[in-house]
Amino acid sequence: MKKIEAIIKPFKLDDVREALGEIGVTGMTVSEVKGFGRQKGHTELYRGAEYMVDFLPKVKLEIVIASEDVDRCIEAIMATAQTGKIGDGKIFVTEVERVIRIRTGEEDASAI
């Protein structure tokens, strides 16, 4: 099993969720996060004063799936989250050793 963490632009969330649903992803965790990479933030004007916005709003998706579904999941995220502009985000894939469904005690693939 693998865990995919995708950091994307907030306005792309619905498109990505729909694309993942179409390929059979049944669940995910979504968090509102802030951060920066090469984008380095930007300046904004508030009440006549200019200030630096260092951390930009993003959305973080966390998905645990079977190892054989990773490539399809990544392709779906890339195809729908990509705008071609700086700040599109990142995808991280890590190994998951064990999953347990709290309610039933099911483990691993049956717990996803």
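Helices (H or I, at least four residues) and strands (E, at least two) are here DSSP runs, numbered from the N terminus. The model is predicted: local features need pLDDT of at least 70, side-chain atom pairs count only at pLDDT 80 or more, and totals for chains, interfaces and linings use all residues. Residues are numbered from 1 along each chain as its sequence is written, and side-chain values use heavy atoms, with hydrogens and water left out.

**Exercise 1. The fold**

Task: State how many helices and strands the chain contains, and give their order along the sequence.

Solution. Step one is the count: the chain has 2 helices and 6 strands. Step two is the order, which reads β-α-β-β-β-β-α-β along the sequence. Step three concerns contacts, defined as heavy atoms within 4.5 Å. Among contacts with a separation of 6 or more, 70% link residues 24 or more positions apart.

**Exercise 2. The sheet**

Task: Determine the strand order of the open sheet and identify the strands at its edges.

Solution. Two strands pair if DSSP finds at least two bridges between them. Begin with β5 (residues 56–65), which is joined to β1 by 7 bridges in an antiparallel arrangement; in this pairing Ala-6 stands opposite Leu-61. Next, β2 (residues 29–35) also pairs with β5 in the antiparallel sense, over 7 bridges. Within β5, Lys-58 is the bridge partner of Val-33, and Lys-60 is that of Ser-31. The complete sheet has 4 strands in the order β2-β5-β1-β6, with antiparallel pairing. β2 and β6 are the edge strands; each has a single partner strand, so one side of each lacks a neighbour in the sheet. From one strand to the next, the twist averages 20°, with axes taken as lines fitted to C-alpha atoms (for helices over the stretch in contact) and angles running from 0 to 180 degrees between N-to-C directions.

**Exercise 3. The helices and the core**

Task: Describe how α1 and α2 are placed against the strands, and which elements supply the largest nonpolar core.

Solution. First, α1 lies across β1, β2 and β5, and runs at about 10° to β5. α2 packs on the sheet and touches β1, β5 and β6, its direction making about 5° with that of β1.

Second, the term buried means under 20% relative accessible area, exposed over 50%, and partly exposed in between (1.4 Å probe, protein chains only). A nonpolar core is a set of buried Ala, Val, Leu, Ile, Met, Phe, Trp, Tyr and Cys residues joined through side-chain atoms within 4.5 Å.

Third, the largest such core has 17 residues, and those touching the most other members are Ile-8, Val-16, Leu-20, Leu-61, Ile-63, Cys-73 and Ile-77. Two or more residues each come from β1, α1, β5 and α2 (70–81). The largest share, 5 residues, is that of α2. Leu-20 illustrates the packing: beyond four places in sequence, its contacts are Val-25, Met-28, Leu-61, Ile-63, Cys-73, Ala-76 and Ile-77.

**Exercise 4. Met-28**

Task: Locate Met-28 and classify its accessibility.

Solution. Met-28 is in the loop between α1 and β2. Its relative accessibility is 26%, so Met-28 counts as partly exposed. Setting aside residues up to four places away in sequence, Met-28 touches Arg-17, Leu-20, Leu-61, Glu-62 and Ile-63. Its C-alpha atom is separated by 9.8 Å from that of Glu-5, 23 residues apart along the chain.

**Exercise 5. Lys-9 and Asp-88**

Task: Are Lys-9 and Asp-88 buried or exposed, and which polar contacts does Asp-88 make?

Solution. Lys-9 is found in the loop between β1 (2–8) and α1 (13–22); because its relative accessibility is 13%, Lys-9 counts as buried. Asp-88 belongs to the loop between α2 and β6 (90–95) and is likewise buried, with a relative accessible area of 16%.

A polar contact is a pair of N or O atoms within 3.5 Å; within protein, one must be able to donate a hydrogen and the other to accept it, and residues adjacent in sequence count only if both atoms are side-chain atoms. The side chains of Asp-88 and Thr-83 are joined by a polar contact of 2.4 Å. A polar atom of the Asp-88 side chain also lies 2.9 Å from the backbone nitrogen of Gly-84.

Finally, outside four places in sequence, Asp-88 is in contact with residues including Ile-7, Ile-8 and Lys-9. Lys-9 in turn touches Asp-88, with Lys-58 and Thr-83 also among its contacts.
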